[in-house]
Amino acid sequence: KKELLFSLKGKENITKDGKAIQLYANIGNSSDIGAVLENDAGGIGLFRSEFLYLEKSDYPTEEEQFSVYKYVAESLAGKKVIIRTLDIGADKQVPYFDLPKEENPALGYRAIRICLTRKELFKTQLRALYRASAFGNISIMFPMITSLKEVLEIKEVAAEVKAELKKAGIPYKENLELGIMLETPAAVLISDLLAQEVDFFSVGTNDLTQYTTAVDRQNPMLDKFYDPHHLSILRMLKLAADNAHKNGKWIGICGELAGDLSLTEAFLSIGIDELSVSPALILPLRQKVRESSVGPVNPDWFL
Ligand code: PEP
Ligand code: MG
């Protein structure tokens with residue numbers, strides 16, 4: 001079986017009836033890059049930047065972040081590297097952030113909500129990302145989006161960062177892609193509007209399942225109620241994919257569900273453009289894609 005998978009390296013991710021998809025890798029640390037390249041990922045679809053903050057006793061500086069992002073971008077040698085901005089809070093606590101104890105951390109002060117209230121923290125990360133963009137194919141992705149206003153505010157901060165870099169004569173990629181995670185029902189339901197403001201969507205099915213079905217993803221007592229196969233999730237994926245494509249944007253999935261082989265054909269058929277999974281799942285997914293023949297959208301999936 002290992003040899004069969006090995007023989008898939010260098011092959012395209014294309015179905016029997018000619019539908020192509022990008023297969024990217026999720027990583028949580030720059031030490032995962034070896035596995036990304038070994039498993040022949042087309043790029044990195046989710047680089048969880050939290051580790052930079054979690055493994056330290058104080059805020060990582062712009063220089064520290066820049067050198068990690070640059071290293072990842074250079075290692076991928078022109079392949080797409082989608083770096084997600086800080087997603088601290090809720091389940092991921094960092095002592096030096098001094099976050100208050102909350103009744104409902106999953107509904108609380110986390111991710112983009114921290115970034116948009118502590119702009120200096122956000123700008124430090126964005127500066128490091130824009131600077132690193134001169135060394136490879138970096139895109140930036142923002143977590144926990146719920147409104148258009150947040151996206152417009154993010155774009156304002158990004159424009160400020162670019163203007164500062166330009167003024168200082170520091171190189172960066174002008175038209176770097178900015179994308180958002182769709183991981184709240186609110187974002188999915190206004191994805192027609194959001195698609196006009198961003199370059200891509202990536203669906204975070206872990207949080208989307210949690211928020212849509214009102215099941216705490218951290219609570220083991222609820223394991224049997226946590227159901228990413230819930231019909232609501234497939235319907236939302238279809239809605240978001242249609243809204244992305246109507247606006248000429250691409251859409252991927254970077255939550256665990258992306259690696260679920262029982263849904264690969266459904267994803268292909270509704271036009272999901274990219275799946276991002278842990279490196280070890282890339283080749284099994286490629287095999288699944290190459291064995292598939294998807295045809296038109298099957299309405300039964302959404303009933
Ligand atoms: C998700 O919510 O599906 C996701 C990819 O983000 P994380 O698991 O890091 O919250
Ligand atoms: Mg998430």
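**Around Asp-207 and ligand 1**

Hi everyone, let's start with one residue: Asp-207 has 22 C-beta neighbours inside 10 Å, so it counts as buried. Please keep in mind that what you see above is a predicted model.

Where does Asp-207 sit? It is found in helix 10, and that helix covers residues 205-213. How many of the nine residues of helix 10 are buried? Seven are, so the helix is largely enclosed by the rest of the structure. If you want to find them on the screen, look for Thr-205, Asp-207, Leu-208, Thr-209, Gln-210, Tyr-211 and Thr-212. The elements that cover these buried residues include three strands, namely strand 5 (178-182), strand 6 (200-203) and strand 7 (250-253). Two helices are also among them: helix 8 (185-189) and helix 11 (231-246).

While we are on helix 10, Asn-206 is right there as well. Is it buried or partly exposed? With 16 other C-beta atoms within 10 Å, Asn-206 is partly exposed, because being buried takes 20 or more. Apart from its close neighbours in sequence, within four places, Asn-206 is in contact with Arg-217, Gly-255 and Glu-256. Just after the helix comes Ala-214, with a positive phi near 55°. We'll come back to positive phi values in a few minutes.

Now let's look at ligand 1. Which residues surround it? Going along the chain, we meet Leu-46, Arg-48 and Asp-87, then Glu-183, then the run of Gly-204, Thr-205, Asn-206 and Asp-207, and lastly Cys-254 and Gly-255. By character, this shell has four charged residues, four polar ones and two nonpolar ones. Which element gives the most to the shell? Helix 10 does, with three residues. Strand 2 (43-48) is the partner to remember here, as strand 2 and helix 10 each supply at least two residues of the shell.

What does the record add? The UniProt entry, which is unreviewed, has a "binding site" annotation covering Arg-48, Arg-84, Asn-206, Asp-207 and Arg-217. Under "binding site", the unreviewed UniProt entry also lists Glu-183 and Asp-207. These two residues span 25 residues in sequence, yet their C-alpha atoms are no more than 5.4 Å apart, so they gather at one spot.

Let's spend a moment on Glu-183. You will find it in the loop between strand 5 and helix 8. Glu-183 is buried, with 27 other C-beta atoms within 10 Å. Leaving out residues up to four places away in sequence, Glu-183 touches Pro-143, Met-144, Gly-204, Asp-207 and Leu-208.

Next, the strands. Strand 1 (residues 22-27) and strand 2 run parallel, joined by three bridges. In that pairing, Ile-27 stands opposite Phe-47. Together with helix 2 (residues 33-38), strands 1 and 2 make a right-handed β-α-β unit. Strand 2 also pairs in the parallel sense with strand 3 (residues 80-84), over four bridges. One place to see this is Ile-44, whose bridge partner in strand 3 is Val-81.

From there, hop over to strand 4 (residues 137-142), the home of Met-141. Met-141 has 27 other C-beta atoms within 10 Å, so it is buried. Which residues does Met-141 contact, beyond its neighbours within four places in sequence? The list is Ile-82, Ile-83, Arg-84, Gly-179, Ile-180, Met-181 and Ser-202. By comparison, Arg-127 is 14 residues away along the chain, and its C-alpha atom is 14 Å from that of Met-141.

I promised to return to phi. Most residues other than glycine have a negative phi. Even so, Asp-98 has a positive phi of about 55° without being a glycine, and Ala-111 has a positive phi of about 50°. Asp-98 lies in the loop between strand 3 and helix 5 (112-117), and Ala-111 is in the loop between strand 3 and helix 5 too. Is Asp-98 buried or exposed? It is exposed, with 6 other C-beta atoms within 10 Å. Ala-111, on the other hand, counts as buried, with 23 C-beta neighbours inside 10 Å.

To finish, turn the model back to where we began: Asp-207 is part of the shell around ligand 1, and it is buried in helix 10. Thanks for listening!

Conventions: Residues numbered from 1 in each chain as written. Chains lettered and ligands numbered in written order. Predicted model: local features only at pLDDT ≥ 70, side-chain atom pairs only at ≥ 80, totals over all residues. Near = placed C-beta within 6 Å. Nonpolar A, V, L, I, M, F, W, Y, C, P; charged D, E, K, R; others polar. Buried ≥ 20, exposed ≤ 12 C-beta atoms within 10 Å, placed from the backbone. Contact = placed C-beta atoms within 7 Å. UniProt positions renumbered as here; feature names shortened; annotations may be inferred. Pairing = 2+ DSSP bridges. Right-handed = clockwise from strand over helix to strand, strands pointing away.
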